[in-house]
Amino acid sequence: MPMSQNKSQFVAVASIAAELSAVMEVAKEISLAAANAKAIAFRAGEKARGFQPITDFINELAKETIELVNNINEHALKLYRLTVKEHRMSEACKRFEKVAVSASAAPYASSLTPSLQQARQRRTDCRRQFSRHVSELLTQLADVMHPARAARVIAANSRIEASQAGEYLQSLQAVAESVDNAAQIIHDKVHKCRSALSMINAVD
Amino acid sequence: MKMTKIYEGAYQWIMYGRDPYKPDNIIDTNQYVVRTENRCLLIDPGGIELFAPMLAAVLHHAPVDEITDLFASHQDPDIISSLGLWGQALPHAKLHAAGLWEGFLRHFGCESIQYVPIPDAGGVINLGSVELQIVPAHYLHSSANFNIYDPQAKIFFSGDIGAALEGPGQPVFVENFDAHVEKMRFFHQRWMPSNQAKRVWIDRVRSLDVEILAPQHGRMFKGDDVKRFLDWFEALQVGIAV
Ligand SMILES: [Fe+2]
Ligand SMILES: [Fe+2]
């Protein structure tokens, strides 16, 4: 992996962490919206009967998203550490190779060979581990898309239920709207993460 | 990299410096190596940029597995930012450095090298047949700072104390002390913060038998120039930026 690739890898991994923390914020917003909707539906009583199970469902989806993102964050942190390690190994290999050339006439030049071989081996290991973690992370990110997609379907249902809620129509519609928006944002952000990751693995 | 043998007995002291391939915008440094029959100590091994030329130079005197010890006088990047790379090359080596700086120095990468923390009072580095004294030089300039004294070779490694800033390719020993003073004045006045620490250090060094005073930048002092340096430093007001 050339240096420029290593740099873009740092940026990609860091941007994934940034997108993930944004996903987390949005998931918390959904959870808040769900609590809000529950309160409104409770006040609306009979008129919003169909809305009540939906709010519970939205809340669960938000919780699920938060849990998934927490797991993914741990993974992303591992990926970052591997990137640092790989960078250090690559640097070491590069410098050792330089020493091997410039010290070729030195009486003890060959004593560096085991260190160089070991650094190369470690660099290969790092790259292999990195690829494996990227694939795992891609799968996990696909899992986060599911609750977000489900939330959009539910938001559509909520709009229908809200239309029967009389004077509560507007507030419930607003809830449906915000859940839909939030789900869309999560979907987009996760999509960004996935394409950033796929790019690293493609070059790899 | 220029190599100068400054002591030759049952073991050797070698000074490495004046690297002609060093990038112009980084400060020139002197590295010192103590080579016994089967071990090797690198004193202030230098910054990342210097790792490859330094290791290539040391391989003229010792194989990798006999480079057993590193010493860092303090935490500055020109002293020891190469630590992570040395760790990859010498997984079984020890780093002797201030306990106070451990959490900081580990930022340079120190997974495989064993960190041997030096307490504030100093200590020794035992190389088997040779024992070197670690002498406290706190606040000159770093808040946890150490020098090395070898009573047998009568060499005193003084870290940044005695440093001079001058152009590339200069001789390794001071030849005309009076002319050399101007190359040291600003460095000491600006980088050294404490007149009190300076006085304590001077008393300490005067009590030792020193033939060569060896700083990390600039030129070494030999014979009477050691005493001249101590007198000059004693009279100098430091900590001028406040
Ligand atoms: Fe320094
Ligand atoms: Fe220095």
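This note goes through a helix pair in chain A and two iron sites in chain B of a predicted model.

1. In chain A, helix α2 (residues 52-102) packs against helix α3 (residues 113-162) at an angle of about 160°, and their axes are 8 Å apart. Angles over 145 degrees count as roughly antiparallel, and α2(A) and α3(A) are therefore roughly antiparallel to each other. The crossing in which α2(A) passes α3(A) is left-handed. Sorted by class, the residues in the contact of α2(A) with α3(A) are 25 nonpolar, eleven polar and twelve charged.

2. Turning to chain B, the iron ion (ligand 1) is coordinated at 2.0 to 2.2 Å by NE2 of H74(B), OD of D76(B), NE2 of H141(B) and OD of D160(B). Along the chain, the donors of this iron ion (ligand 1) follow the spacing H-x1-D-x64-H-x18-D. The angles among its four donor atoms run from 85 to 171°, and the site of the iron ion (ligand 1) is irregular; for a tetrahedral assignment, all angles would have to lie between 85 and 135 degrees.

3. The iron ion (ligand 2) has as its protein donors D78(B) (OD), D160(B) (OD), Q216(B) (OE1) and H217(B) (NE2), which lie 2.2 to 2.3 Å from it. In sequence these donor residues of the iron ion (ligand 2) are spaced D-x81-D-x55-Q-H. The site of the iron ion (ligand 2) is likewise classed as irregular, with angles of 79 to 168° among its four donor atoms. A caution applies to the assignment of both sites: water is not among the atoms, so sites may look incomplete.

4. What links the two iron ions is D160(B), which bridges the iron ion (ligand 1) and the iron ion (ligand 2), and these ions lie 3.5 Å apart. Within chain B, H141(B) is found in the loop between β9 (131-136) and β10 (146-150), whereas D160(B) is found in the loop between β11 (155-159) and α5 (177-180), so the pair ties together parts that are 19 residues apart in sequence.

5. Which of these donors are buried, given that the cut-off is under 20% relative accessible area? Among the donors of the iron ion (ligand 1), H141(B) counts as buried because its relative accessibility is 14%. The bridging residue D160(B) is buried as well, with a relative accessible area of 3%. On the side of the iron ion (ligand 2), Q216(B) is buried at a relative accessible area of 0%, and H217(B) is buried at 2%.

Technical notes. Residues numbered from 1 in each chain as written. Chains lettered and ligands numbered in written order. Predicted model: local features only at pLDDT ≥ 70, side-chain atom pairs only at ≥ 80, totals over all residues. Heavy atoms only, no water. Axes fitted to C-alpha atoms, helices over the stretch in contact; angles between N-to-C directions. Helix = DSSP H or I, 4+ residues; strand = E, 2+ residues; numbered from the N terminus. Parallel < 35°, antiparallel > 145°, perpendicular 65-115°, else oblique. Left-handed = near helix turned anticlockwise from the far one by under 90°. Nonpolar A, V, L, I, M, F, W, Y, C, P; charged D, E, K, R; others polar. Donors = N, O, S within 2.8 Å, 3.2 Å for Na, K, Ca; no water. Tetrahedral: all angles 85-135°; square planar, octahedral: opposite > 155°, others 65-115°. Buried < 20%, exposed > 50% of the residue type's maximum accessible area, 1.4 Å probe, protein only.
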